[in-house]
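Colleague: Please take a close look at a single part of this model, namely the nonpolar core and the helix packing beside it.

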Amino acid sequence: MADPDPNEDMHIERLEALDAYNIMDTEPEPEFDDIVLVASTLCGTPVALVSLVERDRQWFKARVGFEACDTPIEQSVCAHALGSSNVLVIPDLQLDQRTRANTLVTGEPHIRFYAGAPLITPDEVVIGTLCVIDIQPRPQGLDEGQKAALQALARQVVALLEMRRISQRKDDLFRRQKTISANIRSSVNASLAAQEAGRIGTFEIDIATSMMRVSREFCRIFHVPIAETYPTRVFEDMVLPQDKGLQSDDTSRQQGDAPLDVEYRIRVPGYGVRWIARNASFRHDEAGRPVKMIGTVRDVTAAKREAARVQALLDVGDRLRDLSDMESMAIAAGDLMARALDATRAGFGIVNAADETVSVPPEWCAPGVKSLAGLHHFRDYGSFVDDLKRGEAVVIADVATDPRTRDHAPALLALGIRVLVNVPIFELGRFRLVAFIHHDQPYPWMEEEISFVRSFGNRIQIAMSRVQAELEQQMLNREMSHRLKNTLSMVQAIATQTLRPVAERGLVEAFEKRLHALSTAHDILFEQNWTSASVYAVVDRTMNGIGMRDRIDAQGPNVRFGPKGSLSLSLLLHELTTNAVKYGALSNDTGRVAIDWRIEGTGDGAIFYLSWREIGGPPPREPERKGFGSKLIRMGLIGTGGVLVSYDQPGFSAEMTAVLLQLAQAD
Amino acid sequence: MVQSTPPKKQAVLVVEDEPLLRMMAMDLVEDAGFRAIEAADADEAVTILETRTDIRIVFTDIDMPGSMNGMKLAAAVRDRWPPIEIIIVSGQVRLSEADLPERSVFFSKPYDWQKVTATLHRMARH
């Protein structure tokens, strides 16, 4: 067992030196392997080691004839060599006090002979040994030549360590250099990227010459070759026709009244439409005349499109809510979609998947772009219908090169389609609609834009389904109304035939007119899909039907009745009018009838009042016989009374009341 | 009801596929003082119009089987026999003026007997 060295400072120096060499636990290196090989040969020992001694263990940088790559410090013989600059030779380890209890001596591999030359750094710190070991004792030890050679090899080991350290330091410096320059590069790139994302270019226009100095980024934003100066016209000509006038020109610059902060679109060949935000200010001479216009430009296309997409999704609900036919919906939706995507054409087609055809209603087209409305066969334009049928969105960046369309490119290009986007919309698992967007210039499509089109398509489809359902309901209502009226006609015909022998024709006519009043009430209800009718409409139509509308003054608040209330009111008005024509204010040429209604109270307790007041007729008198008409009147608005009639001057009047809730009920 | 019988009885062609309704319309026409001639559909009506010259008014339903409905018949009458007056009746709720041929009058079914009679008389006087 090794004696613990009392000199702690020495330990620390050694550990620091080892640390500085950065050698511990590194891979074997041939230079060191060669040295141990030479040492073992030189000394005729089976084992030679470069042993580096730490606090708790010794580790072998190179070894020959020894299995372990390190051992605990208790097994280290080398530790005893650290205190001296001379070679330590122990001829028989079993006999030496310092080593006879060492487990490498007492047990496997039973080492007996040791000789170690200390590894001394230029700072005179001993960090370990170059040692040779034998399992035979060697009483004669090493000869002087072997000792000297072992020391020389030990110095060689240190020299290698030193070289290694220096080259490592160089590597290190080099690595550090590389890291630093990489950092510099990446920070430069980052700022370039930031500039790219912000895309801020600068310019300075000399107003007198219409020449402008531009930054490199300015050139990149406008996609022109990088140069220091350009005539202003180059950039003015790129502005889209619909945005002309937003950019400055010679006149507005000379007068100094060009708007300073504007956003306009430019068309860049090969890149399509880009949005430019330009901020500028004028420099004036002593006389106050503008001489220079300087400012910045930014490419705000991405932000603009993002905002447009959000806006389109917000607007689509509002725009479609009030539309009731698929065509105007397709146009409105196409318009929103085209704006969000700067398209030349956008819309929806109704698909017949079996025939592989699409029927295109009038779509949204950019100014000067021809509509594609009509029937088209997908296969006339390529094979992409296969993808659509599988439910996949089709994005063709260039119809001339995409394998799905290149054979049909002339047909597409003739229609002004360079970029083609088709998004299939499925309903109940069937391919029903296709949303399409066309660009006549290349357009870089982004994933967000595809998903925008898809979600937009779904919204359209929902809205169109609603319209479809409404149309079907309307048709059903029309059919129902038609049948009802035919049935009433049959009743009329049967009655006419049956009542032919009846001498009193007045009764037959009265019946016929009541039937007619009923039919009129149905008409009004039909127009409101059998849900409700306004009181005014019922009064207006009923009185018109009888031909007495111009002798009626009708007024009251806007109230709606349900079907039952409407029919009841219509029949009541008919009876009142018939009586007025026979006996009351409408029996002469000048009398009139005032119909007024109002509501009192609110909520469930609200009461509907309707008054019928005749003036200008002959003196009123109560009829002697109560006919069906009078009975009908006395039954009131909901068949339960609530009617007050008066035959006092100036003429017949009736006041009718009913709970509004009952009149407004759906059935 | 005003009964003004024209001096010489003019003929009204009643076109209606439903027998009961046709019967009623014939009664109406005769009560109004006209001679009623019947046809069960538009094709029969055209045949009659091609063979007779005394038809003054055509009174037709819209929804009828056959190659023509009442609207097409009315258009054909206006085209081929311009002097003939036209009355169109239907259970369809409303027709816009634009759908009707010139000088034709529309009545919604069930129609007002008196109003139709008055219209027949007005047309006959022209």
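Modeller: The account below treats the core and then one helix pair.

This is a predicted model, in which local features need pLDDT of at least 70, side-chain atom pairs count only at pLDDT 80 or more, and totals for chains, interfaces and linings use all residues. Side-chain values use heavy atoms, with hydrogens and water left out.

A nonpolar core is a set of buried Ala, Val, Leu, Ile, Met, Phe, Trp, Tyr and Cys residues joined through side-chain atoms within 4.5 Å, buried being under 20% relative accessible area (1.4 Å probe, protein chains only). The largest such core has 35 residues, of which Ile595(A), Trp597(A), Phe608(A) and Trp612(A) touch the most other members. Elements giving two or more residues to this core include helix H15 (563-582), strand S23 (592-600) and strand S24 (607-615) of chain A; helices are DSSP runs of H or I with at least four residues, strands runs of E with at least two. H15(A) gives the most, six residues.

Beyond its neighbours within four places in sequence, Ile595(A) has contacts (heavy atoms within 4.5 Å) that include Val539(A), Leu573(A), Leu610(A) and Trp612(A).

H15(A) also packs against helix H16 (residues 628-635) of chain A: their axes come within 9 Å and cross at roughly 135°, the axes being lines fitted to C-alpha atoms over the stretch in contact, with angles from 0 to 180 degrees between N-to-C directions. H15(A) is therefore oblique to H16(A), since angles under 35 degrees count as roughly parallel, over 145 as roughly antiparallel, 65 to 115 as roughly perpendicular and the rest as oblique. Among the residues that meet are Leu572(A) and Leu576(A) in H15(A), and Leu632(A) and Ile633(A) in H16(A).

How values were computed:
Residues are numbered from 1 along each chain as its sequence is written. Chains are lettered from A and ligands numbered from 1 in the order in which they are written. Buried means under 20% relative accessible area, exposed over 50%, partly exposed in between (1.4 Å probe, protein chains only).
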